[in-house]
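Work through the two exercises below with the model open beside you, and try each task before reading its solution.

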Amino acid sequence: MSQTAARNLGPATALTCRECGESYDLGPHYACELCFGPLEVSYDHTGVTREQIESGPRNIWRYRGLLPVPTNVTDTPNTEPGFTRLVRADNLAESLGLRSLWVKDDSGNPTHSFKDRVVAVALAAARELGFKVLACPSTGNLANAVAAAAARAGIRSAVFVPSDLERQKIVTTAVYGGTFVTVDGNYDDVNRLASEIAGEQDDWAFVNVNVRPYYAEGSKTIGYEIAEQLGWRLPEQIVIPIASGSQLTKIDKAFQEFIKLGLVEDRPYKIFGAQATGCSPVSAAFKAGHDVVQPVKPDTIAKSLAIGNPADGPYVLDAVRRTGGAIEDVSDEEIVDSIGLLARTEGIFGETAGGVTLGALRKLLASGVLDPEAETVFINSGDGLKTLDAVAPVAVPSANIAPTLEAFRKAGLA
Ligand SMILES: *Cc1c(COP(=O)(O)O)cnc(C)c1O
Ligand SMILES: [Zn+2]
């Protein structure tokens, strides 16, 4: 790979260290050479207007003037995720005692989770940077998204997951072809292995490792969409699931960019984070008032969020504290209960991650931390079909009867 070729990554101008501010060219870098801090994309995207965005395609590329992707990104095959529905959840709001509630339903993406967003951006950047293989360590949804995007782009994929992954996510990754490896270890083991492989395989883009700065920017599109779909304004409260913490920090970045560009009114918003108690290192740090996040060994049904050593943990704490929000965690029982509540009230079948997020929202409301009068958005980041086993024991038919009217009457269902 050439380190010096001029790169067309749209409005992106450089990579900047989040810790010390050192600047790097737009190459395949992800850690600062001076302090090992994570690198983040910097931009010159003055002049982006509502009209420009509104005239774009109904997918994340309508925001390409705010993303590190080539100007002609729509000319190359990609999965075109995004512009998922923002659902007004009046039934759920009423049952919770909230005045105004919305669900950003990211199960509507091509492989049924928000990960298609980050992968689409990583793929576009990786191609421009000269990588030949799209790879990742994954807790499941990223594996789906990488395998599908690589198939559509006509390039090789190489995906690594913990071997105890949900069967649905094994099948929905393997079906796209590509190299697919299950690893006897937890996600943090798989992630470490991926970093080691990335060190040897020069032309493999591990989307969430060596091209992470570009990948992470894809999460901003959820924030842009929420603001645009609310009629170009920011919600007062937003509840976001935390795995590595990237999504949460990038939604905050998206809101800040929209304010800076004058696309929305500058008004305060509060960011709330959600974790499963069985993997809640960021929630624990928040509650203890710590700035550092102590790694844990995950044990929860919310496998898509089961990252014991979250890379963006400290930045999540910063964003939540700066905006006056909070972080809460919920048990496996509370996750299952909230998946059921969302399904029964709004007809939306969420992934375990959605159950975590709604569960945290309910807990924050009950403890008076969330304001019931303020306009609130929460994210359902994946499709319940991906985590069927979590709810299978409680989601059962009302009865099983013989095909006769008599049997129906006897069952007492009328
Ligand atoms: C990956 C994932 C998240 C959050 O990911 P971050 O690493 O925090 O950006 C949330 N929900 C689902 C379903 C996911 O797969
Ligand atoms: Zn640095």
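Two exercises follow, on a predicted model, and they concern the ligand and its pocket.

**Exercise 1.** Describe the surroundings of ligand 1, and determine which polar side chains contact its oxygen atoms.

*Solution.* Begin with the shell, taking as near any residue with a heavy atom within 4 Å: 15 residues surround ligand 1, and the closest are K115, N141, S244, Q247 and S381. By class, this shell divides into 6 nonpolar, 7 polar and 2 charged residues.

Next, look for pairs of N or O atoms within 3.5 Å. In the side chain of K115, an N or O atom is 2.8 Å from an oxygen atom of ligand 1; a polar side-chain atom of N141 likewise lies 2.8 Å from a ligand oxygen, while for S244 the corresponding distance is 2.5 Å. Finally, consider the cover: ligand 1 taken alone exposes 390 Å², of which the protein buries 97%.

**Exercise 2.** Locate ligand 1 among the pockets, and establish which element gives the most residues to the lining of the largest pocket.

*Solution.* Ligand 1 sits in the largest pocket, whose volume is about 990 Å³. Its lining comprises 49 residues, with N208, R212, S244, A311 and D312 lying nearest the centre. Two or more lining residues come from each of β3 (39-43), α3 (115-128), α4 (141-153), α6 (187-200), α7 (212-217) and α9 (246-260), and α6 gives the most, with 5 residues.

Sorting the lining by class then gives 23 nonpolar, 17 polar and 9 charged residues. S244 thus appears in both solutions, as a residue closest to ligand 1 and as one of those nearest the centre of the largest pocket.

Methods. Residues are numbered from 1 along each chain as its sequence is written. Chains are lettered from A and ligands numbered from 1 in the order in which they are written. This is a predicted model: local features need pLDDT of at least 70, side-chain atom pairs count only at pLDDT 80 or more; totals for chains, interfaces and linings use all residues. Side-chain values use heavy atoms; hydrogens and water are left out. A polar contact is a pair of N or O atoms within 3.5 Å; within protein, one must be able to donate a hydrogen and the other to accept it, and residues adjacent in sequence count only if both atoms are side-chain atoms. Accessible areas come from the Shrake-Rupley method with a 1.4 Å probe; for residues, only the protein chains shown count as cover. On a 1 Å grid over the protein atoms alone, a cavity is a set of points where a 1.4 Å probe fits but cannot get out, and a pocket is an open set with protein on both sides within 12 Å along at least five of seven lines; lining residues have an atom within 4 Å of a point. A molecule sits in a cavity or pocket if more than half of its atoms lie within 2 Å of its grid points. Ala, Val, Leu, Ile, Met, Phe, Trp, Tyr, Cys and Pro count as nonpolar, Asp, Glu, Lys and Arg as charged, and the others, Gly among them, as polar. Grid points are joined across faces, edges and corners, and a volume is the space filled by probe spheres set on the points. Helices (H or I, at least four residues) and strands (E, at least two) are DSSP runs, numbered from the N terminus.
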